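Biologist: I would like to learn how to read a model like this one, feature by feature, starting with how its elements are named.

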Amino acid sequence: MGPQVLAIGDFDGVHLGHQEVIKRAIHTAEGLRIPASIMTFHPHPRQVLGQCKYVQLLTPVEQKKRLMEALGVDNMYIVSFNNELMKVSPSEFVENMLVPMKVNTVIVGFDFTFGHLGAGTPDTLCELAQGRFAVEVIRPFHQNGSKVSSTWVREHLLSGNLEQANALLGRPYSLNGIVVHGDGRGKTIGFPTANIDLLDPFLIPTLGVYAARVTVDGQTYNSVMNVGNKPTFESNLEKPTLEAHLFDFSESIYGKEVTVDFISYLRPERKFSGVTELIAQIQRDADQAKLLLA
């Protein structure tokens, strides 16, 4: 293992604030002509600390890998975050993990903590480096006067503020899944849907109807998408379903992997009095989605 620049963080969401850290690592690495690397953690540290909502992620590992590659990262190290790692002191983290990696420069966000009980801070990291590697600390990234954070992205997604969430991410919120067989009801009412079974534990945005883009086999299609419990027909679904009606599309894509980009939140999910009212509303939703995606 040769010298490298290493950015450290959980990077859930890879939002604009994270991208500042990552871009600095890439820029520094290019200047030194050495690789730019990322150290991240799985599962989410907050999940291990008992915060159950972090079981669902903005960017599960596989998607995080794709985003890092797209940004130009050379290496991504995934550290297993467990009870043993939680007990490691800041000094042990530096001596046993960073020094053997031959890091030339370590880049972290201003609020980075490490070691037992989060005792290590960027200042601690500078002290423990003892001249063996440089440390760069990235200031908080603000947008419209607010600090960009994964917490804000989550809150926006769960409250229907999709445009704000996408603005913080710097891209549409997306997820990946496999198209599976549903109940076939969409086809009978003139709106066949691709029923999507998530590949990873993604955070599911608030229930409702969305304008979305669905990519399958390298081709992207505009669509209207429902995330919900289908209250018009069901009363006790175990988990929300994700159903996308792709415009001007009639191929069979069962078993294929798709990527869904959420573009705009149209309305909350609601129960209709019957099929006729539902069909009329889906048509209005589709027309609105087409306008937004044009």
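Modeller: Helices, of at least four residues, and strands, of at least two, are DSSP runs that are numbered from the N terminus. Keep in mind throughout that this is a predicted model. With that naming, α7 is followed by G160, which has a positive phi, near 85 degrees.

Biologist: Which residues of helix α7 are buried?

Modeller: Buried means under 20% relative accessible area. In α7, which spans residues 150-158, S150, V153, R154, H156 and L157 are buried. Because these residues cover an arc of only 165 degrees around the axis, they lie on the same side of α7. The elements that cover them include α1 (16-32), α8 (162-169) and β8 (173-180).

Biologist: Where is N176 found, and is N176 buried or exposed?

Modeller: N176 is found in strand β8, and with a relative accessibility of 4% it counts as buried, because that value is under the 20% cut-off. Its side chain has a polar contact of 2.9 Å with the side chain of R66, and another, of 2.7 Å, with the side chain of T259. If residues up to four places away in sequence are not counted, N176 touches Q63, R66, L198, L199, F202, E257, V258 and T259.

Biologist: What is A36 in contact with, leaving aside its neighbours within four places in sequence?

Modeller: A36 lies in strand β2, residues 36-42, and it is buried too, with a relative accessible area of 4%. Its contacts, with those neighbours left aside, are V5, A25, I26, A29, V73, D74 and N75. The C-alpha atoms of A36 and N176 are separated by 27 Å, and the two residues are 140 residues apart along the chain.

Biologist: How should I read the backbone angles, and what is the usual case?

Modeller: Most residues other than glycine have a negative phi, and most peptide bonds are trans. Here V14, although not a glycine, has a positive phi of about 45 degrees; it sits in the loop between β1 (4-8) and α1, and it is buried at a relative accessible area of 1%. D248 is likewise not a glycine and has a positive phi of about 50 degrees, but its place is the loop between β12 (241-246) and β13 (257-267), and with 80% relative accessibility it counts as exposed. As for peptide bonds, the one from H42 to P43 is cis, with omega near -5 degrees, and P43 belongs to the loop between β2 and α2.

Biologist: How many cavities of 30 Å³ or more does the structure hold?

Modeller: A cavity is a space where the probe fits but cannot get out, whereas a pocket is open. The structure holds 2 cavities of 30 Å³ or more, and the second largest has about 50 Å³ of space. Its lining consists of D10, D12, F41, H42, H44, L57, T59, P60, V61 and K64, with β2 and α3 (61-71) as the elements that give two or more residues. By class, this lining has 4 nonpolar, 3 polar and 3 charged residues.

Biologist: What, then, lines the largest pocket?

Modeller: The largest pocket holds about 1,100 Å³ of space. It is lined by 41 residues, of which D10, R46, D111, F112 and T113 are the closest to its centre. Two or more lining residues come from each of α1, α2 (45-48), α4 (83-86) and α7, and the largest share, 4 residues, is that of α1. The lining divides into 20 nonpolar, 13 polar and 8 charged residues.

Conventions: Residues numbered from 1 in each chain as written. Predicted model: local features only at pLDDT ≥ 70, side-chain atom pairs only at ≥ 80, totals over all residues. Heavy atoms only, no water. Buried < 20%, exposed > 50% of the residue type's maximum accessible area, 1.4 Å probe, protein only. Arc of directions from axis to C-beta. Contact = heavy atoms within 4.5 Å. 1 Å grid on protein atoms, 1.4 Å probe; cavity = no way out; pocket = protein on both sides within 12 Å on 5 of 7 lines; lining within 4 Å. Points joined across faces, edges and corners; volume = space filled by probe spheres on them. Nonpolar A, V, L, I, M, F, W, Y, C, P; charged D, E, K, R; others polar. Polar contact = N/O pair within 3.5 Å; in protein donor to acceptor, adjacent residues only side chain to side chain.
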